[in-house]
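Please take me through this structure one selection at a time, telling me what to pick in the viewer and what I should find there.

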Amino acid sequence: MPETTPKGLARLAFGGDYNPEQWPESVWQEDVRLMREAGVTMVSAGIFSWALLEPERGRYDFGWLDRLLDLLHAHGIRVDLGTPTVVPPVWFYREHPEALPVTADGVRYEFGSRGAICPSNTDYRAAAANITTRLAERYADHPALAMWHVHNEYGVPVSACYCDSCAAHFRRWLETTYGTVEAVNEAWGTAFWGQRYTGFAQINPPRTTPTVGNPAQALDYRRFADATLRENFRMERDILHRLSPGVPVTTNFMTALSQCDSIDYWAWGREVDIVTNDHYLITDGRRTHVNLAMAADLTRSVAGGAPWILLEHSTSGVNWQPRNPAKAPGQMARNSLAHVARGSEGAMFFQWRQSRRGAEKFHSAMVPHGGTGTRVWREVVELGASLDSLSAIRGTRTQADVAVLWDWHSWWAQNLDWRPSEDHDARERADAFYEALYDRHLTVDFAHPEADLSAYPLVVVPALYLLTEAAGRNLTQYVENGGTLVVSYFSGIVDEHDAVHEGGYPGPLRDVLGLTVEEFSPLLKGDTLRVTGPGGTELTGDVWSEFVVPDGAETVWTYADGLTAGRPAVTRHRLGEGTAWYVSTRLDAHGLDALLGRAAEDARIAPRADLPHDVEVVRRTGESGSYLFAINHSPSDAKVPLEAHGTELLTGERAAGRLAVPAGTVRVVRLDG
Ligand code: GLA
Ligand code: ZN
């Protein structure tokens, strides 16, 4: 069994990407002194260093990395050592220009940025295996080595390559997956528009076509591209496991749906020894702490609930969005500790020292351009001390209240072309339902639609356009056994090949929901519908409506206008021991809260009316005890009820009754007993 915690790291992880090759070695001395001052426990090094480590093919220069690791070790800092395979050196590309990836339009990218890799290229694979082997041979026993960091953020910036090598690789993948070309024709529905193939050799990647291409082919290409990246990860991981036993291997994920859409993290979570994640606030006007919580919950979920590590976030602004505001005072600590509350065993950053040159020089860092006389540095030092006082939480697990179903394959399918409405966005629904649950102070686990859901009193399905028969049976059984299910519109429509389920919508969910959907009727931009229901409540829907025909379900809210006037908008179906809700329009935050309020009653989840808005309360529990995190994102001081006495770990004070959480601060109480 591979190790699942960083070797020799006895505290929470605190540090960042350390790219000291940008500086003379005299600066390294100052770096380690400052790292100690801040309480840094681990850094990630060597991620982009291939050109320095192998300046010419077969000529290696490990001297500088030896000195770096020795220096870090001498100062008690653990190292998350990168395999630099995300940026091959220029000599490699000049020898193998076909290793540069090609777009669907046939444009071959040039060297000079990063991540320009055709994942099927065998010369790339050989070179990557070679440098990984050299590094593993040299550093497997280095006392500073805590874990291996393979590559960087698989899936970005190039999620798929459309070159001839990838075409050949895709054909092999299809042969393995389908066996015969007839099976491919069947799965892709090539009878339509005369797309029939008579041999695998005729099949290409879904390159640019005059109008919409075959949707099932496009969906399979996403699966293939994801699987190909995983092959490359596994190749490196297996080398590291063989040559460096006892040292866990990770690759940094980007689970935030706004940051990467090409990776099936359910599959990747099973491949790594430790799940690690990178997270950046998207400053698009929405509540960034809610998006952060969602990404952290998704990360923990792909880790199967096990502790994970936040490997990158930012001390302040980034530099790759149109506008990059600085973080407010205290915001960095709230962000870092929210990740910790939701299962991260620490908080690391991109990057340690802010660059003077290159593409990311305006990206914040732990040591900013302004040096140590700055607010950012003071907050970094403070965070280091806070994390130090939380060491005991290592190994504990975040406690969730409800589950939200999510499936990347369904998202990919949903995003194919020519849908009933381009305004329906699976990610938007996932965000909106998550936010509504967050505002009800419920902690969310994400789950795959075929996962065991029996632990959750409430399961929410924001948008699962693609849903297998097996998932349908799973959800039906969940309800029969007493669960409460909430399903939002345009779910259960197609099978794994993007083929519409037979027998009417919503396919395998008809029985559990007790209804059929005869027809969709998306709304025009800006149009809204009134939806009326119990006690005179009026909700608002937009984007979507449906002609729902109940078959066992009761109508709870009814469309009051539009084409669907007088028909069910929201239904409830008692089945076996449980209840299944269905909502056929896009409700706003108020509507979602009303719906979830009713569903929570069915699930016997008591409302948390005693918790103030925008005060995040999350628990981690394990052998070392039970810890309550209270994070006040609001501008007002708040009080959070405690059900037991305890010790507040950041201030060292005793806590009982109602815990004071001043505006903008974080409190972590270790409950007695
Ligand atoms: C990603 C990368 C880092 C850096 C940051 C900047 O997460 O892994 O190398 O580019 O983004 O936010
Ligand atoms: Zn390629």
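Begin by selecting helix α10, which covers residues 288-302, and display D297 and R300, which stand 3 residues apart in that helix and are therefore separated by about one helical turn. Keep in mind throughout that this is a predicted model. The side chains of D297 and R300 meet in a salt bridge, with 2.8 Å from N to O. Are these two residues buried or exposed? D297 has a relative accessibility of 0% and so counts as buried, and R300, at 1%, counts as buried as well. Now add R342, D445 and E616 to the selection, since these three residues are linked with D297 and R300 in a network of salt bridges.

**The domains**

Next, colour the protein by its domain assignment, which gives domain 1 as 13-162 + 205-398, domain 2 as 402-602 and domain 3 as 615-671. With domain 1 and domain 3 selected, you are looking at two parts whose C-alpha centres lie 31 Å apart, and whose contact takes 22 residues from domain 1 and 18 residues from domain 3. Between them, domain 1 and domain 3 bury about 1600 Å², and 63% of this area is on carbon and sulfur atoms. Which three residues should be picked out on the domain 1 side? They are R334, A341 and T396, which supply 33% of the area that domain 1 buries against domain 3, more than any other three residues.

Stay at this interface a little longer, because side chains of opposite charge can pair when their charged atoms come close. The interface of domain 1 and domain 3 is crossed by 2 salt bridges. Elsewhere in your selection, show R620 and E345, which form a salt bridge whose closest N and O atoms are 2.4 Å apart.

**The zinc site**

Now move to ligand 2, the zinc ion, and show the residues that hold its donor atoms. Which residues are they? The protein donors are the SG atoms of C118, C161, C163 and C166, lying 2.2 to 2.3 Å from the zinc ion. If you draw the angles among the 4 donor atoms, you will find values of 101 to 120°, and the site is tetrahedral. Along the sequence, the donor residues of this zinc ion are spaced C-x42-C-x1-C-x2-C. Two of these donors, C118 and C163, link distant parts of the chain, for C118 lies in the loop between α4 (90-95) and α5 (122-139), while C163 lies in the loop between β4 (145-150) and α6 (164-178), 45 residues apart. Both C118 and C163 are buried.

While the loop between β4 and α6 is on screen, select P157, which also lies there. The peptide bond from V156 to P157 is cis, with omega near -5°. A further cis peptide bond runs from F350 to Q351, with omega near -10°, and Q351 can be found in the loop between β9 (344-349) and α12 (375-389).

**Further salt bridges**

A search of the whole structure finds 42 salt bridges, and two more of them make useful stops on this tour. Select E95 and R57, whose closest N and O atoms are 2.8 Å apart in a salt bridge. This pair links distant parts of the chain, with E95 in helix α4 and R57 in the loop between α2 (50-53) and α3 (63-74), 38 residues apart. E95 is partly exposed, with a relative accessible area of 37%, whereas R57, at 58% relative accessibility, counts as exposed.

Then select R654 and D672, whose side chains meet in a salt bridge of 2.6 Å, N to O. R654 lies in strand β27 (residues 654-655) and D672 in the segment after β29 (666-671), so the pair ties together parts that are 18 residues apart in sequence. R654 counts as exposed, at 54% relative accessibility, while D672 is partly exposed, with a relative accessible area of 38%.

**Two backbone angles**

For the last stops, look at the backbone of W418, a residue other than glycine whose phi is positive, near 60°. W418 is placed in the loop between α13 (408-414) and α14 (426-439), and W418 is exposed, with a relative accessible area of 61%. Finally, go to R604, which has a positive phi of about 55° although it is not a glycine. R604 sits in the loop between α17 (589-602) and β23 (615-622), where R604, at 76% relative accessibility, counts as exposed.

Notes: Residues are numbered from 1 along each chain as its sequence is written. Chains are lettered from A and ligands numbered from 1 in the order in which they are written. This is a predicted model: local features need pLDDT of at least 70, side-chain atom pairs count only at pLDDT 80 or more; totals for chains, interfaces and linings use all residues. Side-chain values use heavy atoms; hydrogens and water are left out. Donors are N, O and S atoms within 2.8 Å of the metal (3.2 Å for Na, K and Ca); water is not among the atoms, so sites may look incomplete. Four donors count as tetrahedral if all angles lie between 85 and 135 degrees; four count as square planar and six as octahedral if opposite donors are over 155 degrees apart and all others between 65 and 115; anything else is irregular. Helices (H or I, at least four residues) and strands (E, at least two) are DSSP runs, numbered from the N terminus. Buried means under 20% relative accessible area, exposed over 50%, partly exposed in between (1.4 Å probe, protein chains only). Domain bounds come from an automatic or database domain assignment. Contact means heavy atoms within 4.5 Å. Buried area is the accessible area (1.4 Å probe) that two parts lose on being put together, summed over both. A salt bridge is a side-chain nitrogen of Lys or Arg within 4 Å of a carboxyl oxygen of Asp or Glu.
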